[in-house]
Amino acid sequence: MTSPLGKDLLGLEQLTAGQISLILDTAVPLKEISERTIKKVPTLRGATIVNLFFEASTRTRISFEFAEKRMSADTVNVASAGSSVSKGETLVDTARNLEAMRIDMVVIRHPASGAARFLAERIESNVINAGDGTHEHPTQGLLDLLTLRDRFGTLKGKRICLCGDVLHSRVARSNIWGLTKLGAEVAVCGPRSLLPNAIGEMGVTVFDRIEAAIEWADALNVLRLQLERMHAGYIPSLREYNRVFGVTRERLARAPRDVLILHPGPMNRGVEIDSDVADGPHSVILNQVTNGVAIRMAVLYLLSGNTPALADAAKAPA
Amino acid sequence: MPNSSSIVLSARAVERTITRMADEIVERNDGTEGLVLVGIQRRGVQIAGRIAARIEASERVKVPLGALDITLYRDDLQTVGPRPVVGKTTLPVALDGKHVVIVDDVLFTGRTIRAALDELADFGRPARVALAVLIDRGGRELPIQPDVVGTNVEAPRGARVDVMVAELDGRDEVVLTSGAGS
C-alpha cells in the first residue's frame, strides 16, 4: 500500500498542481472512449466498485457509474434508503461488510463533511469522495477545471468567479483549491449571508455586486442555491435573490468580454441563472457533464491497483 | 560490462526501408482500395505517417491514417508500477470491411499487437488486419506474426532496440544497445 495520496481521492486541498494536471491530462484522451460505438475499454476488468450514496444524486452517481462501466469494472449501487443504513448500521460497519465481500473501490457521497476521509482511514479499498457535506466534491472541481482548460488552453491568470451560495457549496471549495493551485485568479460573489466568514483567507477576491463580478471575470461558475440546506433565513426570497444576484442576459450583455458560464447542476432556472444564459452561446454546462465522465474514468484509472501514480506526480514540478 | 551500441539503420536506411514497406503494403493489398493505416502510439504513428506520405507520392491517393493508444488494453496494468500515460486514439473512418494495416516501430513480445487487435475490434470488423513493423527483433510471447517487415534484428532478451524518428527525437535512426546485466 502506498501513501494516502496514492490510495484515495478525498479533496483537491491535498493535491499538488502536478497531481491535478496529471488527472486532467489523463482525462483528455479518455473522452474519445465515450464517442465510440462500443463505449468500453477493458482496463478495470475484474475490479468491483461500490457506489455508496447517502444523499440524493442523479448526475454524479450516473456519471460515476458510466465511468466505471466504460472502464469495465463491476459496480454495485448502495443507497441509504432500502439498505441496512436505514436500520441504524454505522458507516464503518457497512463498508467493512462490503469489504468482506472483496471490493476494490468505494465511491462515497455523504451529508457529513469529512465522511470520505473517515472511511478512507478505516478500509483498505480505494476511496473516492463524491461529495461530503459542505467540504469538497473533488471530481466536480476537476471537471470544472477541465472544462475551463479546454476553452482557455491554460488557467494561469484567468479570472474565475464563483457566484451565489458559496457557504453551502462543496463544489466552491474544490474549485477554489484547484483553480488557485493551477494559477487562476479566483473571486466569489453572493450575499454576505451565503459567503463563509473567513472566505478571504482562501486567497479570493469578494464581490458584493454581481455586475462587478461580471465586469471582472473570464468565467462564472454559477452555484446552485442549496435550498435543502437552508434551514434559516439566508435570503429574503427567491425573487429578490434573482433580481439582485441572478446571472441574466441583460447583465452579461454589459460585460466587456464574452464570459463563459458554468453551473454544476441541478439548476434553479430563474433563480441563480436565467434560462437564456444557461442555454446561451457561452454556456458550457453540458460540456461539464460530458467532461465529468472522462474525469471520473481518469481518477478510477489512476487510483486503481493502489499504484503510486498520483504520489509520484506530487514529487514532480507542476 | 559497459553497454555497447550499434546503429541498425541510419537515416538514409530508415527512409529506404519505409519506402519499401509502403510499396509492399500497396502490393499486398493490390492497390490502395479500402486501405487504412493505423499507427500505434507513439512511434508507430510517425512511421505510419511516413508510409502514408510515400503511398501518396507513388499512387497519388491519400490513405486514411489513424492512431491507436493501447495503454488501456495492456495485460500487465495490474503489475506495472505507476500508471502509464494514456495517449490519443483517433480513427478517421469506420473500420467495417476495410483492410487495416497496423504499423508499429518494433515487434518484440507481441503483447502490444494483441492489445491493438482487441482495441480495433471495439471499432468495427475490418475485412482484414495486417501488421507492418519497421523492426522485428524476435522474442515473441504470443502467436503473432508480422506481414511486412522493415528489418530483422537479432536482439537478445536484455538488449534494447530504440527507434528514433525526426518528429519526436530530432533524427531518424535505429540503435541496438546490448543489455547490462542480462
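**Notebook: chains A and B**

I began with the chain contact and recorded that 17 residues of chain A are in contact with 14 residues of chain B. I note here that this is a predicted model. I then looked up which elements of chain A give two or more residues to the side that touches chain B, and I found α2 (17-30), α12 and α13 (309-315) of chain A. The largest share of that side, three residues, comes from α2(A). Sorting the side of chain A that touches chain B by class, I obtained nine nonpolar, four polar and four charged residues.

**Helices α3 and α12 of chain A**

I turned next to α12(A), residues 285-303, and its approach to α3(A), residues 59-70; the two axes come within 8 Å and cross at roughly 55°. I therefore entered α3(A) as oblique to α12(A). As to hand, I recorded that α3(A) passes α12(A) in a right-handed crossing.

I listed the residues that make this contact. From α3(A) they are R59(A), S63(A), F64(A), F66(A), A67(A), E68(A) and R70(A). From α12(A) they are V289(A), G292(A), V293(A), R296(A), M297(A) and L300(A). I divided the residues of this contact into seven nonpolar, two polar and four charged.

**Helix α6 of chain A**

I checked the length of α6(A), residues 138-152. Its 15 residues, at 1.5 Å a residue, should span 21 Å, and I found the end C-alpha atoms 21 Å apart, which agrees.

Is α6(A) mostly covered or mostly uncovered? I found it mostly covered, because a residue with 20 or more other C-beta atoms within 10 Å of its own counts as buried, and twelve of the 15 residues of α6(A) are buried. I wrote down the buried residues as P138(A), T139(A), Q140(A), G141(A), L142(A), L143(A), D144(A), L145(A), L146(A), T147(A), L148(A) and R149(A). The charged residues D144(A) and R149(A) are thus included among the buried ones. Just after α6(A), I noted that G153(A) takes a positive phi of about 80°.

**Residue N3 of chain B**

I closed with N3(B), which I placed in the segment before β1 (5-9) of chain B. Is N3(B) buried or exposed? I counted 12 other C-beta atoms within 10 Å, so I entered N3(B) as exposed. I also looked up the separation of N3(B) from K88(B), which lies 85 residues apart from N3(B) along the chain, and found 34 Å between their C-alpha atoms.

Technical notes: Residues numbered from 1 in each chain as written. Chains lettered and ligands numbered in written order. Predicted model: local features only at pLDDT ≥ 70, side-chain atom pairs only at ≥ 80, totals over all residues. Axes fitted to C-alpha atoms, helices over the stretch in contact; angles between N-to-C directions. Helix = DSSP H or I, 4+ residues; strand = E, 2+ residues; numbered from the N terminus. Parallel < 35°, antiparallel > 145°, perpendicular 65-115°, else oblique. Left-handed = near helix turned anticlockwise from the far one by under 90°. Contact = placed C-beta atoms within 7 Å. Expected span 1.5 Å × (residues − 1).
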